[in-house]
Amino acid sequence: MELTKPTKLEFYDQMLKLQSKAILVHYFKGDDGRKALILDNTIFHPQGGGQPSDTGFICVTDSNVRFCVQDVRSKDGVVFHYGVAEDSSMENELEQGKGKEVILQVDESRRRLNSRPFVEYKGTVPLNELQNKQREIEIEVNALISEGGKVYATVLPYQEAAELCGGSLPDYIHPGSNPRIIKLGDNPGCPCGGTHVSDISEILSMKVSKIRTKKGMTKVFYTIGT
């Protein structure tokens, strides 16, 4: 596949946007046999950071071509929208569609994470404390949800970002960079590249489904009600 520029991540600035327009850059069949679209920009969130990928549709403007997006991945800054054309007989239009305008539609229910995401932390929880920790997390998080609070996303210089996050940033955020910071209500900020609700109260509830500790890391799996 020919090299292409990094995909502009439109959801970075417009987390609530579910429909947008883009330009088709490439349509190809990968080594694993899956078909994929590459666009100049996207509102589809790729799988990563514990968040499942978005799904939805990509339609060619002024055409009946409709591509069902089943999975979204990112590699070296380029976002790959994997899926199938609803009508396989119209694939030729996608193959010859470089430079055409397309309309993106994200599945709202999927965006609201009706799947099983997770968060990962450095450190471990003793096996005999896992159940208690699971209950503690649920109680504290649901208390925050009931209080509510606006959710803000902003890209900041490193030092400003560190101050917003309580004075420091994780090691994987390099000094000199401009990380994207999410702030939930009056709580300290946190670097994150994912999508979020506009107010914490929209989540309604959270349930921890499993906590897994392995090799010095702890994963907390959860489900939410929206």
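**Figure 1. The outward face of helix α3.** The face of α3 turned away from its buried side carries four exposed residues: Ile-139, Glu-140, Ser-146 and Glu-147. Here "exposed" means over 50% relative accessible area, "buried" means under 20%, and "partly exposed" is in between (1.4 Å probe, protein chains only). Keep in mind that this is a predicted model: local features need pLDDT of at least 70, side-chain atom pairs count only at pLDDT 80 or more, and totals for chains, interfaces and linings use all residues. Residues are numbered from 1 along each chain as its sequence is written, and side-chain values use heavy atoms, with hydrogens and water left out.

**Figure 2. The inward face of helix α3.** Now look at the other side of α3, where Leu-130, Glu-138 and Ile-145 are the buried residues. Seen down the axis of α3, these buried residues fall within an arc of 75°, so they line one face of the helix. That arc is taken from the directions from the helix axis to the C-beta atoms. Why can one face collect residues from several turns? An α-helix has 3.6 residues a turn, so residues three or four places apart point the same way. The buried residues of α3 pack against β13 (205-214), where contact means heavy atoms within 4.5 Å.

**Figure 3. Helix α3 from end to end.** Helix α3 covers residues 130-147, which makes 18 residues. From its first C-alpha to its last it reaches 26 Å, close to the 26 Å expected at 1.5 Å a residue. The expected span is 1.5 Å times one less than the number of residues. Right after α3 comes Gly-148, with a positive phi near 75°. Helices (H or I, at least four residues) and strands (E, at least two) are DSSP runs, numbered from the N terminus.

**Figure 4. Two hairpins that share strand β6.** Strand β5 (residues 56-60) and strand β6 (residues 66-75) pair in the antiparallel sense over four bridges; strands count as paired if DSSP finds at least two bridges between them. One place to spot this is Cys-59, whose bridge partner in β6 is Arg-66. β5 and β6 form a hairpin with five residues between them, and Asp-62 in the turn has a positive phi of about 60°. On to the next strand: eight bridges join β6 to the antiparallel strand β7 (residues 78-85). Val-69 has Gly-83 as its bridge partner in β7. The hairpin of β6 and β7 has two residues between the strands, and Asp-76 in that turn has a positive phi of about 55°.

**Figure 5. Aromatic rings in a cluster.** Ring pairs link Phe-28, Phe-80 and Tyr-82 into a cluster. Rings of Phe, Tyr and Trp (its six-membered ring) pair if their centres lie within 6.5 Å; planes under 30 degrees apart count as stacked, over 60 as edge-to-face and the rest as tilted. A search of the whole structure finds five aromatic pairs. In one of them, the rings of Phe-80 and Tyr-82 have centres 6.2 Å apart and planes at 20°, so this pair is stacked. Phe-80 is buried, at 11% relative accessible area, and Tyr-82 counts as buried at 13%.

**Figure 6. A ring pair across the chain.** Phe-118 and Phe-221 form a tilted aromatic pair, 5.4 Å centre to centre with 50° between the planes. The pair links distant parts of the chain: Phe-118 sits in strand β9 (residues 118-122) and Phe-221 in strand β14 (residues 217-225), 103 residues apart. Buried or partly exposed? Phe-118 counts as partly exposed at 22% relative accessibility, whereas Phe-221 is buried at 6%.

**Figure 7. A three-stranded open sheet.** The strand order here is β10-β11-β12, with antiparallel pairing. β10 (151-155) and β12 (190-191) stand at the edges, each with a single partner strand, so one side of each is left without a neighbour in the sheet. Two bridges join strand β11 (residues 180-184) to β12, and Ile-182 has Cys-190 as its bridge partner in β12.

**Figure 8. Thr-7 and its surroundings.** Thr-7 is found in the segment before β1 (8-9). Thr-7 is buried, with a relative accessible area of 7%. Not counting residues up to four places away in sequence, Thr-7 touches Leu-39, Asp-40, Asn-41, Thr-42, Gly-77, Val-78 and Val-79.
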